[in-house]
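User: Please take a close look at a single part of this model, the second chain, and walk me through it slowly, since I am in my first year. I would like to follow the reasoning from the overall form down to individual residues.

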Amino acid sequence: MKEELFVSGRNIPNIDPYLHIWHWQIPIYLFLGGLAAGILFLAAVYTILGKDKEMQATVKWAPFIVPFALIIGLFMLFLDLKHKLYFWQLYTTIRLESPMGWGAWVLMIMTPISIVWSASYVREVFPNWDWKFKFLYTFEAWVIKNRWFIAWPMAIYAVILGIYTGILLSAFNARPLWNTTILGPLFLVSGMSTGAACIILMSKNHEERRLIGRLDLLFISVELFFIVHMIMGFLAGSQVQIDAANLFLGGQFTVPFFVFVILLGLIFPAVLETLELIGFKVPIVIPAILVLLGGLIFRFIMVEAGQITRYLY
Amino acid sequence: MRYAMAIDTKKCVGCSDCVVACQTENNVPIGFCRDWVTETVDGTYPNVSIELRTERCNHCDNSPCVRCCPTGASHFEDGGIVMVTHHKCIGCGACIQSCPYEARYSHPDGYVDKCTFCIHRVRKGENPACVSVCPTSCMYFGDLDDPNSEIVNVLKNRKFKALAPEAGTKPNIFYLT
Ligand code: SF4
Ligand code: SF4
């Protein structure tokens with residue numbers, strides 16, 4: 001039996017709660033980043049495929065959410081900072097080694113792209129919209145003509161953004177629950193899935209909903225596979241990683257993880273979407289909302305649980 | 001120059017003088033600390049052993065806290081001392097997450113703070129405050145590159161360990177066992 005006691009210092013009440021340094025802002029930041037990545041990726045892909053007429057919600061409606069999501073996301077990041085007045089230094093330094101650093105840059109690049117993308121559709125949505133200045137009309141015409149070319153970098157950046165939301169956590173070797181490379185792809189597909197759910201909620205076209213619903217089913221399956229893969233990887237790892245996995249396999253996060261993320265957030269919506277596909281009448285908003293909530297809770301759980309895993313010595 | 005510390009777990013009595021000395025020397029706000037003492041009990045009665053250790057930032061060679069800092073506030077000073085430039089730190093907390101030793105904390109003023117090896121004293125040729133007050137003289141501070149230093153000597157002649165070497169950070173605090 002080994003027992004560790006802190007004689008002094010760590011029983012000072014201000015330190016240990018302070019080490020739990022990331023609160024609700026970071027999971028929301030990660031969720032919004034993933035959501036934005038999912039929507040923009042699908043918008044870009046269907047534009048590249050030349051399906052923008054059939055997939056109105058995907059390329060036109062849903063991307064309107066993205067600038068707001070990204071700006072709120074950046075604001076969440078800002079709220080999380082403890083030395084807020086110095087925030088600007090995030091953008092006077094480029095440090096590729098620091099995921100926090102390059103992620104903030106990716107968001108900074110993604111936000112204007114998404115604004116330009118949505119702006120080019122504004123006059124289709126609000127026909128009376130007036131751009132006031134002539135150069136804005138010229139710019140708009142240029143963007144509309146070159147949408148296909150803009151879609152390519154947008155798709156690539158969306159994937160980087162989606163993966164980043166996972167890498168921000170997985171880069172921390174000191175938190176065994178996060179320190180797995182699968183977290184990047186896992187958060188990416190989870191982001192895609194929430195993006196698809198958002199499109200389903202906004203779409204009025206039955207065909208589009210079916211198509212995106214089918215894609216969502218694929219994302220959910222891949223996500224489940226990655227989660228199993230992640231837990232297997234932990235169980236085959238060192239003691240600290242086994243302990244991390246045990247938080248979900250009998251430990252304090254078991255119930256929220258299996259009930260809210262796996263069952264209600266993934267399996268149940270997948271079943272509903274399958275039923276809808278084979279012809280049953282299922283109100284498609286239900287699986288879509290469940291996927292969104294599941295994605296959000298998943299990030300809360302990962303951020304919370306990760307912070308209590310640590311090296312033992 | 002490579003500054004390091006060796007701490008004799010056989011001599012430490014867990015008096016916490018080092019903790020108080022550090023708080024006084026570095027004006028650590030009340031309720032916080034940059035070093036602390038742990039007691040590890042191993043075994044079951046009557047075969048128990050106990051180890052007392054004073055812990056602090058390990059000033060790692062391969063320090064994840066420097067790597068993950070988005071602004072370069074966390075950086076290396078001469079001799080490998082890991083420092084935080086307060087006016088560059090945005091308080092993002094990445095370095096706190098990255099440290100396997102939980103050596104950093106968020107200062108109430110917003111920036112992140114931690115042990116500095118008392119760099120202001122070391123530059124004057126003095127020992128860090130904790131080392132200089134230890135009543136049992138259980139701590140040795142010095143330069144690993146200097147073959148005649150006390151710390152090199154003590155590491156040559158004693159068995160020692162580092163904490164969680166598997167975290168891969170190459171810590172520079174050694175515990176004599
Ligand atoms: S002990 Fe922690 S804070 Fe100190 S250098 Fe190592 S990783 Fe950084
Ligand atoms: S909290 Fe400060 S020192 Fe730590 S990583 Fe962020 S900016 Fe760097």
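Analyst: A residue counts as buried when its relative accessible area is under 20%, as exposed when that value is over 50%, and as partly exposed in between. With that cut-off in hand we can turn to chain B, keeping in mind that this is a predicted model.

Chain B is built from 6 helices and 10 strands. Its radius of gyration is 16 Å, close to the 16 Å that the globule rule gives for 177 residues, so chain B is as compact as a globular protein of that length. If you follow the C-alpha trace along its principal axes, chain B spans about 50 × 40 × 35 Å.

The inside of the chain can be described in a similar way, for 64% of the 177 residues of chain B count as buried. Among the contacts in chain B with a separation of 6 or more, 57% are accounted for by residues 24 or more positions apart. On the outside, chain B exposes about 7,000 Å², and carbon and sulfur atoms supply 51% of that area. Charge can be followed as well: chain B carries 18 positive and 20 negative charges, and the mean positions of these two sets are 3 Å apart.

Two residues deserve a closer look for their backbone angles. The first to consider is B:Phe117, which has a positive phi of about 55° although it is not a glycine. In the sequence, B:Phe117 sits in the loop that runs between strand β7 (112-113) and helix α4 (119-122) of chain B. Is this loop residue buried or exposed? The relative accessible area of B:Phe117 is 1%, so B:Phe117 is buried.

The other residue is B:Ala164, again not a glycine, with a positive phi of about 40°. B:Ala164 belongs to the loop between strand β9 (160-161) and strand β10 (173-176) of chain B. Here the cut-off from the beginning does its work: the relative accessibility of B:Ala164 is 3%, which is under 20%, and therefore B:Ala164 counts as buried.

Put side by side, B:Phe117 lies in a loop and is buried, while B:Ala164 is likewise found in a loop and counts as buried. When you look at the structure, you can locate B:Phe117 just before helix α4 (119-122), and then look for B:Ala164 in the stretch after strand β9 (160-161).

Key: Residues are numbered from 1 along each chain as its sequence is written. Chains are lettered from A and ligands numbered from 1 in the order in which they are written. This is a predicted model: local features need pLDDT of at least 70, side-chain atom pairs count only at pLDDT 80 or more; totals for chains, interfaces and linings use all residues. Side-chain values use heavy atoms; hydrogens and water are left out. Helices (H or I, at least four residues) and strands (E, at least two) are DSSP runs, numbered from the N terminus. The radius of gyration is taken over C-alpha atoms; the globule rule is 2.2 Å times the number of residues to the power 0.38. Buried means under 20% relative accessible area, exposed over 50%, partly exposed in between (1.4 Å probe, protein chains only). Contact means heavy atoms within 4.5 Å. Accessible areas come from the Shrake-Rupley method with a 1.4 Å probe; for residues, only the protein chains shown count as cover. Lys and Arg count as positive and Asp and Glu as negative; His and the chain ends are not counted. The place of a charge is taken as NZ of Lys, CZ of Arg, CG of Asp or CD of Glu.
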